[in-house]
Every structure is written in structure tokens, then in C-alpha cells.
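This report walks through a protein model, from the surroundings of single residues to the arrangement of its helices. The structure comes first, and the description follows.

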Amino acid sequence: LRTLEVAVPPTLQPEIRKRPTSIDAAYEAYKRGLTMERHPETFPAGASISAFSQALVADSAYPEAQVALGKALMRSFEVDKEAPHGYATRALFCVQKAMSGGLRSSDVFVVWGQVELSRNQYAKAEERFRAAVDVAPSDAEAQRRLALVLAGRGVVDEAVSAARHAATDDP
């Protein structure tokens, strides 16, 4: 923030510096996993899954790492035809752990929706993606996934609206 010349009021400084875990090894593995997710062309497939798993070995009560692992598992499940079907079950477990840790982010509901889709539970997937959009209306991924489910269920006007939101939020 200093580089951007943004003045942070002293009352907000502790909140900005707050880390989601006090265990350094967990935080470092989590950050490593996020970097791998942002640059999949640089890292081998499954590397982020390994990094997030390491974060959870260090701190099993780390909700952000739980949902990040769930997201990486579902991404692998969707992209890699060789990925084990158990990835979806494991991702659901991650979502449940994240929610029991108090995390209610759009990512939690997106991953949960992906799990429901993998099980051909389209109405439940729609509910989860709607919950993601309710939590974060500008989450383009949530809007995009909601649009796809709505289109598949024949709710065309609403699907087009969600797709437009997604395109506006992330052109």
C-alpha cells in the first residue's frame, strides 16, 4: 500500500496485517499454492493440491486453505479426465470444514456448486451458485457458473443476465 501511496488509518493497520493463520508453515504453503494456481503453465499438475494439503497438515483448522484445496481439486477434476472421482468427495469435505471454521465466501459456494454438478444435482448446484452470487455479486466465476447451470435448466433470460454480469465483472 505504501508503494501505491495509500494512507492506511492506524485503526485499520492491524486488520490489514492480520493473517488467516498464526502458523507460518501453513501460511507459506497456502501462499505457494495460490501462486501455483495463478501460474498453472509453470507448475506441474497437482502441485497446488500438494501445497494446500501441506498447509492443512500444518494447520487443519485453516478455512481459507480448506476452500483453496477444494477449488484446486475441482479444477483438476473438471480439466483432467484422469483425475479421481474421489476429488469431488474430498472437495465437499473441504467445503464442510471451511464452513465449520466460519468461512462463508463465494469460493466456498462455488466449490460446493461444482461438487453438486459433478453429481448431476443441477437444482442444488443452482442454489449453491446463487448463494455465491449473493455473497459476492461481482464474482465473475460465480456468475458464469450460475449462467451455465441456468442455461442448462432452460432458464434462458436469467442465464443471459448472469452471463452479462460475468462479462462485465471480468471481460
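Leaving aside neighbours within four places in sequence, Arg145 is in contact with Glu78, Val110, Gln114 and Phe129. Arg145 itself is found in helix 8, and with a relative accessible area of 18% this arginine counts as buried, because the cut-off for burial is under 20%. One of its partners, Phe129, is among the buried residues of helix 7.

These values come from a predicted model, for which the mean pLDDT of the protein is 89, with 88% of the residues reaching 70 or more. Confidence varies along the chain: among the elements, helix 1 (residues 13–17) has the lowest mean pLDDT, 52, whereas helix 7 (residues 122–135) has the highest, 97.

**Overall make-up**

The protein has nine helices and zero strands, and from the N terminus on its elements run α-α-α-α-α-α-α-α-α. Of the 171 residues in the protein, 42% are buried. Among contacts with a separation of 6 or more, 47% are accounted for by residues 24 or more positions apart.

**Helices 7, 2 and 9**

Three of the helices can be described by their span and by the residues that they bury.

| Helix | Residues in helix | End-to-end C-alpha distance | Expected span at 1.5 Å a residue |
|---|---|---|---|
| Helix 7 | 14 residues | 20 Å | 20 Å |
| Helix 2 | 15 residues | 21 Å | 21 Å |
| Helix 9 | 14 residues | 20 Å | 20 Å |

In helix 7 the buried residues are Ala125, Glu126, Arg128, Phe129, Ala132 and Val133. Seen down the axis of helix 7, these buried residues fall within an arc of 165°, so they line one face of the helix. They pack against helix 6 (106–118) and helix 8 (140–152). Arg128, one of the buried residues of helix 7, has its charged end over the ring of Trp112, at 3.9 Å from the ring centre.

The loop between helix 6 and helix 7 holds Asn120, a residue that has a positive phi of about 60° although it is not a glycine.

The buried residues of helix 9 are Ala159, Ala162 and Ala166. They cover an arc of only 65° around the axis, which puts them on the same side of helix 9. An α-helix has 3.6 residues a turn, so residues three or four places apart point the same way. What covers the buried residues of helix 9 includes helix 8, while the face turned away from the buried side carries the exposed residues Asp157, Arg164 and Thr168. His165, which also lies in helix 9 (residues 156–169), is partly exposed, with a relative accessible area of 41%. The C-alpha atoms of His165 and Pro137 are separated by 8.6 Å, although the two residues are 28 residues apart along the chain.

Helix 2 buries Ala26, Tyr27, Ala29, Tyr30, Gly33, Leu34 and Met36, and what covers these buried residues includes helix 3 and helix 4.

**The aromatic cluster around Tyr30**

The structure holds three aromatic pairs. In one of them, the rings of Tyr30 and Phe52 have their centres 6.1 Å apart and their planes at 50°, so the pair is tilted. This pair links distant parts of the chain, since Tyr30 is in helix 2 (residues 24–38) and Phe52 in helix 3 (residues 47–58), 22 residues apart. Tyr30 is buried, with a relative accessible area of 13%, and Phe52 counts as buried at 1% relative accessibility.

Tyr30 also pairs with Tyr62: the centres of their rings are 5.1 Å apart and the planes are at 50°, so this pair, too, is tilted. Because Tyr30 lies in helix 2 and Tyr62 in the loop between helix 3 and helix 4 (63–79), the pair ties together parts that are 32 residues apart in sequence. Both Tyr30 and Tyr62 are buried. Taken together, Tyr30, Phe52 and Tyr62 form one aromatic cluster.

How values were computed
Residues are numbered from 1 along each chain as its sequence is written. This is a predicted model: local features need pLDDT of at least 70, side-chain atom pairs count only at pLDDT 80 or more; totals for chains, interfaces and linings use all residues. Side-chain values use heavy atoms; hydrogens and water are left out. pLDDT is the predictor's confidence in each residue, from 0 to 100. Helices (H or I, at least four residues) and strands (E, at least two) are DSSP runs, numbered from the N terminus. Rings of Phe, Tyr and Trp (its six-membered ring) pair if their centres lie within 6.5 Å; planes under 30 degrees apart count as stacked, over 60 as edge-to-face and the rest as tilted. Buried means under 20% relative accessible area, exposed over 50%, partly exposed in between (1.4 Å probe, protein chains only). A charge sits over a ring if NZ of Lys or CZ of Arg is within 6 Å of the ring centre and within 35 degrees of the ring normal. The expected span of a helix is 1.5 Å times one less than its number of residues. The arc is that of the directions from the helix axis to the C-beta atoms. Contact means heavy atoms within 4.5 Å.
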